Amino acid sequence: MRLDYVSIFPDFFAPLALSLPGKAAASGLLDVRVHDLRTWTHDRHRTVDDSPYGGGAGMVMRPEPWGEAFDALLPDRPAPPGESRPTVVFTTPSGERFDQRLAEELASRDHLVFACGRYEGIDQRVVDHARERAEVREISLGDYVLNGGEVAALAITEAVVRLLPGFMGNAASLVEESHAESGLLEYPVYTKPPQWRGHEVPAVLRSGDHAKIAAWRHEQAVRRTAERRPDLLTPSVLDDGTPIVRAAPGDAGELLTLQRACWVQEALANDMLDIPALHESLDDVRTWLGEWDTWVVRRAGRLVGAVRGRREPGTDGEDGDLWDIGRIMVAPDLQGSGLGRALLEHIQAVAPAGVTSYVLFTGAASVRNQQMYKKAGFRLRRDLPAPPGAVVLTKRRR
Ligand code: SAM
């Protein structure tokens, strides 16, 4: 892969000669070329910036040196059929957000040219012009502003080149990494010694039982992802793009209101005013929020839907294989809109690994709810015990 970097601070790229990228360059896998943008200036001060049209703070990078840089680095004719065009990467906080998928995409290119901005950025015409001659990607490292594009270019390079065949000594190490195909964060890793400052390596990792180790690692990866990055685990969004998000402790008050609204209806439908959920206090809601994996939907700032799930403890105190689903609540004015079905689908999708069945209860007379659950693949289980006035439904996880 050929890599060109254009910057007014070429020294930033010295680290590319180190470590694995350095080795890959030495072996010919990478052809790294660093360029000082000022090479393509012609005045005594080697000027690359000027004041912005329309006024405002700061300076903008002038187009002429960039144009000459592209003349030197990009072919001046369209790529013949079957040959790929170079890709010019403009590092910019207003670009598409860089992630592992984008790293994979860039790793498939033969030639990347990184254009590193400084000051308030590069004259827009440079980007437009580059588009006429190459594939252009405007890429942001994240939602923050750096002083220049060099650090972003280095970070992007490192994520891309390690995906090239032959770059890593052991390509298998790419498979289980965070943000790899599974979409999970990586499980915690340990090495020798087995005990260190009172901390032990989990016994399962020393058991030699490969199946158990694999199961433990998967479980840990799911748990870690659920705790730290639930957005990765559950990209659930409603048809209109509204996300289903994990409830926060501060949602307790609104959940109580929603719960009362929903359970009054449930109680009336079932002729049962002693449904426990109807009589819960704010403290009760706070307590179960801490114990259940609870998800909510907001529309125009209003909490309009919620659902919760919890793994049922097994008899031996270990995590059981049942995922208990409850409190599927939809604001009265949105009932029948499909929101309940979306919440039900979501809470099944976020059940942890190892769960083999789902279980839920509903009012024996709540015909509409029962219909929805049956449509979603749940079976009415009259053979299983249920609280008074309620029925149990179960479904096997696929
Ligand atoms: N005025 C620009 C804006 O608000 O979008 C920010 C300019 S920034 C100070 C200077 C240069 O740093 C940018 O042209 C870009 O090359 C680089 N840069 C800053 N933040 C970045 C980010 N999050 N990702 C990629 N490059 C970034």
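Helices and strands here are DSSP runs, numbered from the N terminus, with at least four residues for a helix and at least two for a strand. Keep that in mind as you work through these exercises on a predicted model.

**Exercise 1. Find the loop that holds Pro 193, and describe the peptide bond between Lys 192 and Pro 193.**

Step 1. Start with the place: Pro 193 sits in the loop between H5 and strand S8 (195-196).

Step 2. Now look at the bond. Lys 192 and Pro 193 are joined by a cis peptide bond, with omega at about 0 degrees.

Step 3. Compare with the general rule: most peptide bonds are trans, and most residues other than glycine have a negative phi.

**Exercise 2. What is the sign of phi at Arg 46, and which loop holds Arg 46?**

Step 1. Arg 46 is not a glycine, yet its phi is positive, about 50 degrees.

Step 2. To place Arg 46, look in the loop between strand S2 (31-36) and strand S3 (49-50).

**Exercise 3. Describe how helices H3 and H5 are packed.**

Step 1. Two packed helices are described by the angle between their axes and the distance between the axes.

Step 2. The axes of H3 (residues 100-107) and H5 (residues 150-161) come within 8 Å and cross at roughly 70 degrees.

Step 3. Angles of 65 to 115 degrees count as roughly perpendicular, and therefore H3 and H5 are roughly perpendicular to each other.

Step 4. Next, find the residues that meet. H3 brings Ala 103, Leu 106 and Ala 107, while H5 brings Ile 156, Ala 159 and Val 160. By class, this contact has six nonpolar residues, no polar ones and no charged ones.

**Exercise 4. Which residues does Gln 100 touch, leaving aside those up to four places away in sequence?**

Step 1. Locate Gln 100: this residue lies in helix H3.

Step 2. Beyond its sequence neighbours, Gln 100 touches Leu 163 and His 179.

Step 3. Take the pair with Leu 163. Gln 100 and Leu 163 are 63 residues apart in sequence, and their C-alpha atoms are 9.9 Å apart in space.

**Exercise 5. Build up a picture of the shell around the ligand.**

Step 1. The ligand has 19 residues around it, and Thr 91, Glu 120, Leu 141, Tyr 144 and Leu 146 come nearest.

Step 2. Sort the shell by class: eight residues are nonpolar, nine are polar and two are charged.

Step 3. Ask where they come from. Strand S5 (87-97) and strand S7 (135-140) each supply at least two, and S5 gives the largest share, three residues.

Step 4. Look at atom pairs. A ligand oxygen is 2.6 Å from a polar backbone atom of Thr 91, and a ligand nitrogen is 2.8 Å from a side-chain N or O atom of Glu 120. For Gly 148, a polar backbone atom is 3.4 Å from a ligand oxygen.

Step 5. Finish with cover: the protein covers 82% of the 570 Å² of accessible area that the ligand has on its own.

Definitions and conventions:
Residues numbered from 1 in each chain as written. Predicted model: local features only at pLDDT ≥ 70, side-chain atom pairs only at ≥ 80, totals over all residues. Heavy atoms only, no water. Near = heavy atom within 4 Å. Polar contact = N/O pair within 3.5 Å; in protein donor to acceptor, adjacent residues only side chain to side chain. Areas by Shrake-Rupley, 256 points an atom, 1.4 Å probe, with all protein chains shown as cover. Nonpolar A, V, L, I, M, F, W, Y, C, P; charged D, E, K, R; others polar. Axes fitted to C-alpha atoms, helices over the stretch in contact; angles between N-to-C directions. Parallel < 35°, antiparallel > 145°, perpendicular 65-115°, else oblique. Contact = heavy atoms within 4.5 Å.
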